[in-house]
Amino acid sequence: MNTSLLNPFNITYPTAVQASLPSQCSLARFDSSGRFVAAGRSDGSAAIWDLETRAAVRWLEGHVKGITNVDWSRNSRFVLTSSKDWNVIVWDLASDIDPPQRKTTIRFDAPVSSASFHPRNSQIILALLHPGDAYLVDLRKKYRGRVELEEVQDDSDEELGASQRSAMTVAQFDPTGRHIFIGTSTGSILVFNTRTKTMVARHKISGAGVMKGFDFAKSGRRLVTNSSDRTLRQFTLPVYPPPNADAEYTEQELEPTHKFSDPINRIAWHAMSFSPDGEWLAGGAADPASHKIYIWDIANDGQLASTLDGGREPLMHVHWHPSKPAIVSTTNHGNILIWHCPSPERWGAFAGGFEEVDENVEYEEREDEFDIEDESVLAERKMKQEDEEVDIIVDYPRVNGDEDEFTWADDEPDEDIRGWRMKIVMEDELDVI
């Protein structure tokens, strides 16, 4: 289909399965371009799938136990895999061999539940270990180190002792990379400043239970949480002040703007993902007998818009395309389902004023419709249209200290430059290697 005939502003939600890829994976995630999908498998390997050819173009074989998370760097050159074998591996897809070259291997002293790149620098990595400890690892020469992120305890918490303190169950950077959000087993959200590694806020969520997952809208101002009470909650986040010398933090209870659940079946949720424009939310249901994705319309008071049925293979993970109405989901049998939104061609895009009709009608010609107009007049009119100013205003909220956070993250930048291309490795080359 000619994509120029589609309305680029008509971003909706997917409605049908476009392709099924037999990958034997448990989770999958789009890269920033949307062309490639990284899929983690339970045998410790991962694969990079090219959605244009629908074939695996790279195999990442370095773990001996199941993959717990995969993540892409900003421009998709580096891929991160975390595993139950206590390791986090960073792969360089710019290498000329398959499997790609390992850029870094980070060893921990416990199974890794999840790990992710900093949004601005792939040399900064956030890792969450199975016992409930979160670490920020910095691989840059100037800042090299590994820092554990610890919750600030008040007097009542200290009386309970270390054995009864809440464990960290989910950890994720916000889209700007300024803050790290961590969910706990007691239903709290801890916010840490990435540069100083200090806690700047703690939010208690009433009735949430154990935090199981986070996802941010692209703007970073809205957060959706998944918790053990089988409810997804959306919050509008406050603006956090920069950290001060006294290490003060904000204690605030957040009230959700929307709650999403299945009131009839009361099913839990494996994962959720915002659409690129933040107007839709996809929730992957933990239904043991079917593959269902719920789509809610955020712009319309969070009402349920549709339920996508992917068959009888239960869902494991879901992730939305970074720029299109497309979703990738995985099944418990290891298949990757690519969901899309079938769109009819808009023949009216060929000419302004073109009108589509259901049946033939008699056309009445205007008196001056086919009059030949002077070319100089047409050229002058076109020049005037090009000179017209287009009013585009983008307002990003900023607070004091933002520049310090971005300068720190951009210091010693990585090699993930825009415009690099993955080399196509032919089968003959693999035989030679």
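**Figure 1. Two cysteines in a predicted model: C25 is buried, while C341 is partly exposed.** C25 counts as buried because its relative accessibility is 3%, under the 20% cut-off. C341 has a relative accessibility of 22%, so this cysteine falls in the partly exposed class. How many disulfides does the structure hold? The count is 0. Please keep in mind, here and in every view below, that this is a predicted model.

**Figure 2. The whole protein chain, with its confidence and its make-up.** The mean pLDDT of the protein chain is 88, and 87% of its residues reach 70 or more. Two stretches call for more caution. Over residues 1-6 the pLDDT stays under 50, and the model has 12 contacts for them beyond four places in sequence. Residues 429-433 also have a pLDDT below 50, with 6 contacts beyond near neighbours in sequence. What secondary structure should you look for in the protein chain? It comes to 29 strands and 4 helices. Of the 433 residues, 46% count as buried. If you take the contacts with a separation of 6 or more, 51% of them join residues 24 or more positions apart.

**Figure 3. Strand β7, with buried residues on both faces.** How many of the 6 residues of β7 (residues 78-83) are buried? The answer is 6 of the 6, so this strand is largely enclosed by the rest of the structure. A general point helps in reading this view: in a regular strand, side chains alternate between the two faces of the sheet. On one side of β7 you will find F78, L80 and S82, and on the other V79, T81 and S83; all are buried.

**Figure 4. The partners of β7: strand β6 and strand β8.** In general, strands of a sheet pair through backbone hydrogen bonds, and they may do so in a parallel or an antiparallel way. Which way do β6 and β7 run, parallel or antiparallel? Strand β6 (residues 67-72) and β7 are antiparallel, joined by 5 bridges. To find your place, look for N69, which stands opposite S82 in β7. The pairing of β7 with β8 is antiparallel too, over 5 bridges. Here V79 has W91 of β8 as its bridge partner.

**Figure 5. Two hairpin turns, one with S76 and one with W86.** Between β6 and β7 the hairpin has 5 residues, and S76 in the turn has a positive phi of about 70 degrees. The hairpin of β7 and β8 has 3 residues between its strands, and W86 in that turn has a positive phi of about 80 degrees. Why look twice at such values? As a general rule, most residues other than glycine have a negative phi.

**Figure 6. S95, a buried serine in the loop between β8 and β9.** The loop that holds S95 links β8 (87-92) and β9 (101-107). Is S95 buried or exposed? With a relative accessible area of 8%, S95 is buried. Its side chain reaches the backbone nitrogen of Q101 at 3.0 Å. Apart from neighbours within four places in sequence, S95 is in contact with R58, P100 and Q101.

**Figure 7. An open sheet of 4 strands.** The strands follow the order β10-β11-β12-β13, and their pairing is antiparallel. Which strands stand at the edges? They are β10 (112-117) and β13 (145-149); each has a single partner strand, so one side of each is left without a neighbour in the sheet. On average, neighbouring strands of this sheet are turned by 20 degrees against each other, direction ignored. Strands β11 (residues 124-129) and β12 (residues 134-138) pair over 5 bridges in the antiparallel sense. One pair to look for is A127 with its bridge partner Y135 in β12.

**Figure 8. A115, a buried alanine in strand β10.** The relative accessible area of A115 is 2%, so this residue is buried. A115 and A127 are 12 residues apart in sequence, and their C-alpha atoms lie 4.2 Å apart in space. Leaving out residues up to four places away in sequence, A115 touches N69, D71, L80, S82, V88, L126 and A127.

**Figure 9. Two loop arginines, R54 and R266.** R54 lies between β4 (45-50) and β5 (55-61), and its phi is positive, near 55 degrees. R266 lies between β22 (258-260) and β23 (269-274), with a positive phi near 55 degrees. Relative accessibility is 43% for R54, which counts as partly exposed. R266 is partly exposed as well, at 37%.

Notes: Residues are numbered from 1 along each chain as its sequence is written. Side-chain values use heavy atoms; hydrogens and water are left out. pLDDT is the predictor's confidence in each residue, from 0 to 100. Contact means heavy atoms within 4.5 Å. A disulfide is a pair of cysteine sulfur atoms within 2.5 Å. Buried means under 20% relative accessible area, exposed over 50%, partly exposed in between (1.4 Å probe, protein chains only). Two strands pair if DSSP finds at least two bridges between them. Axes are lines fitted to C-alpha atoms, for helices over the stretch in contact, and angles run from 0 to 180 degrees between N-to-C directions. A polar contact is a pair of N or O atoms within 3.5 Å; within protein, one must be able to donate a hydrogen and the other to accept it, and residues adjacent in sequence count only if both atoms are side-chain atoms.
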